[in-house]
Amino acid sequence: MHCLPAVAVLLILGLLCGCVDTATVHEWCYNGDVCGPSAWITKPFGSCNGTRQSPIDISTDRAQTDQNLSQFSFSDYEDKHIMKEIVNTRRTVKVILNDSVEITGGGLQDSYHAIEFHLHWGNLHSVPGSEHKMDGKHFPMELHIVHFKKHYNYTLAMADPTGIAVLGFLIEATDDKDTPLSWKLLTSKLDDISHNVTSAHLNLSLSLDDLLSGVNRSKFYRYPGSLTTPPCQESVLWTIFEEKIHVSKDLIDLFAKRLVHYPKAAVNITNIYRPVQPLNSRTILASPGTKAGPLLTTGNVGGAPRLSVPSTWLLVVTTAGLSFLR
Ligand SMILES: [Zn+2]
């Protein structure tokens, strides 16, 4: 399969990264006909023309409630000293996390350890900016916390159709200035990394729980997908939370205002999101308590398409994984 050359190069380069800013066989970008998302479906960019690509539009009323999507357990999400470094990668801002940070539960079959988090945004706080849509609606920003299956390195995670678990949080803009304090603290470091590719050591007293404040993490949607940047490897179990993080417009604006990259001259980093991709045959699952429809069973013939077969898409995952390994 055409994804193998991309992995081979990644192995050679020995690069470690999450769902954004992975090295590829071909230089990619967000804005431009030659290197932008419309060109990613061609072979040199990896697996971006696959059948379980991300992001998607999450239609909540077509999602299937699955009682197996239990509460997550979050380890060290409350720790205020797990953010090690902040990086302007020229395609996003990324924060490297201590690998003591873990998630279990939430319907995941394994434990996953955190690697990094990063953000997607548009032009200042305008819409679109998020990658995922919910019920056809974009948001100004989206946070991705990237985890690898426990004991996996980058290579192993990429080769496993369930090797990566990304928690996605949609971010809504508010008019309250300079709020919340946690995001004010995070954005205070942007000036230290305004130029690409620069990084800064982080010594903030700031936890992931602080950044996720106000979000009920028992309400979420789950589907099998991919990295949202080349090589678009189909190795991600996505969790998108129903409730939004609320961040003030002025703080969201700082990402596009403060961060620049240098293709030739300094350019502000804007519109760093991939458009939504076809759902194809995938089923979006929903945890109990979301807006998704009631739990139905395979024996229910009420005409609704929501069948309670939690493992339905695992067949898709397995098939995709086998094709990847060929
Ligand atoms: Zn991302």
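**Disulfides, salt bridges and buried charge in a predicted model**

C48 and C232 form a disulfide in which the two sulfur atoms lie 2.0 Å apart. C48 belongs to the loop between α1 (3-13) and β1 (57-58), while C232 belongs to the loop between β12 (220-225) and β13 (236-241), so the bond ties together parts of the protein that are 184 residues apart in sequence. The torsion about the S-S bond of C48 and C232 is about 80 degrees, and the disulfide is therefore right-handed. Both of these cysteines, C48 and C232, are buried. The coordinates described here come from a predicted model, and the values that follow should be read with that in mind.

The structure holds two disulfides. The other pair is formed by C29 and C35, whose sulfur atoms are likewise placed 2.0 Å apart. Here the torsion about the S-S bond is about 90 degrees, so the disulfide of C29 and C35 is right-handed. C29 counts as buried because its relative accessibility is 16%, which falls under the 20% limit used for that class. When the bonded cysteines of the protein are numbered in sequence order, the pairing reads 1-2, 3-4.

The confidence of the prediction is not uniform along the chain. The protein averages a pLDDT of 85, and 82% of the residues score at least 70. Over residues 1-25, however, the pLDDT is below 50, although this stretch has 67 contacts in the model beyond near neighbours in sequence. The pLDDT is also below 50 over residues 298-326, a stretch for which 49 contacts beyond near neighbours in sequence are found in the model.

As for the overall architecture, the protein has six helices and 17 strands. Of the 326 residues in the protein, 54% are buried. Among contacts between residues at least 6 apart in sequence, 74% join residues that are at least 24 apart.

Charged side chains were examined next. Side chains of opposite charge can pair when their charged atoms come close. In this model the count comes to 15 salt bridges. One of them is formed by the side chains of K291 and D135, with a distance of 3.9 Å from N to O. This pair links distant parts of the chain, since K291 is in the loop between β17 (285-286) and α6 (312-325) and D135 is in the loop between β8 (133-134) and β9 (141-149), with 156 residues separating the two in sequence. The partners also fall into separate accessibility classes: K291 counts as exposed because its relative accessibility is 53%, whereas D135, with a relative accessible area of 40%, is partly exposed.

A salt bridge also joins E172 and K137, and the closest N and O atoms of this pair are 3.6 Å apart. Distant parts of the chain are again linked, with E172 in strand β10 (residues 164-174) and K137 in the loop between β8 and β9, 35 residues apart. E172 counts as partly exposed at 22% relative accessibility, and K137 counts as partly exposed at 44%.

In the salt bridge between the side chains of R217 and D209, the distance from N to O is 2.8 Å. R217 counts as buried, since its relative accessibility is 16%, while D209 is partly exposed with a relative accessible area of 25%. Salt bridges may also be joined to one another, as E27, R90 and R91 are linked in a network of them.

A buried charged residue need not have such a partner, and E116 provides an example. E116 lies in strand β7 (residues 112-121). Although E116 is buried, this residue has no salt bridge, and the nearest side chain of opposite charge, that of K94, is 5.0 Å away. That distance lies beyond the 4 Å limit for a salt bridge, so E116 and K94 are not counted as a pair. The side chain of E116 does, however, make a polar contact with the side chain of H118, at 2.9 Å.

Another buried charged residue is K149, which has a relative accessible area of 10%. K149 is found in strand β9. Leaving aside residues up to four places away in sequence, K149 touches D110, S111, Y112, H113, D160, T162 and G163. For one of these neighbours, S111, the separation from K149 is 38 residues in sequence and 6.0 Å in space, taken from C-alpha to C-alpha.

Methods:
Residues are numbered from 1 along each chain as its sequence is written. Side-chain values use heavy atoms; hydrogens and water are left out. Helices (H or I, at least four residues) and strands (E, at least two) are DSSP runs, numbered from the N terminus. Buried means under 20% relative accessible area, exposed over 50%, partly exposed in between (1.4 Å probe, protein chains only). Lys and Arg count as positive and Asp and Glu as negative; His and the chain ends are not counted. A polar contact is a pair of N or O atoms within 3.5 Å; within protein, one must be able to donate a hydrogen and the other to accept it, and residues adjacent in sequence count only if both atoms are side-chain atoms. A disulfide is a pair of cysteine sulfur atoms within 2.5 Å. pLDDT is the predictor's confidence in each residue, from 0 to 100. Contact means heavy atoms within 4.5 Å.
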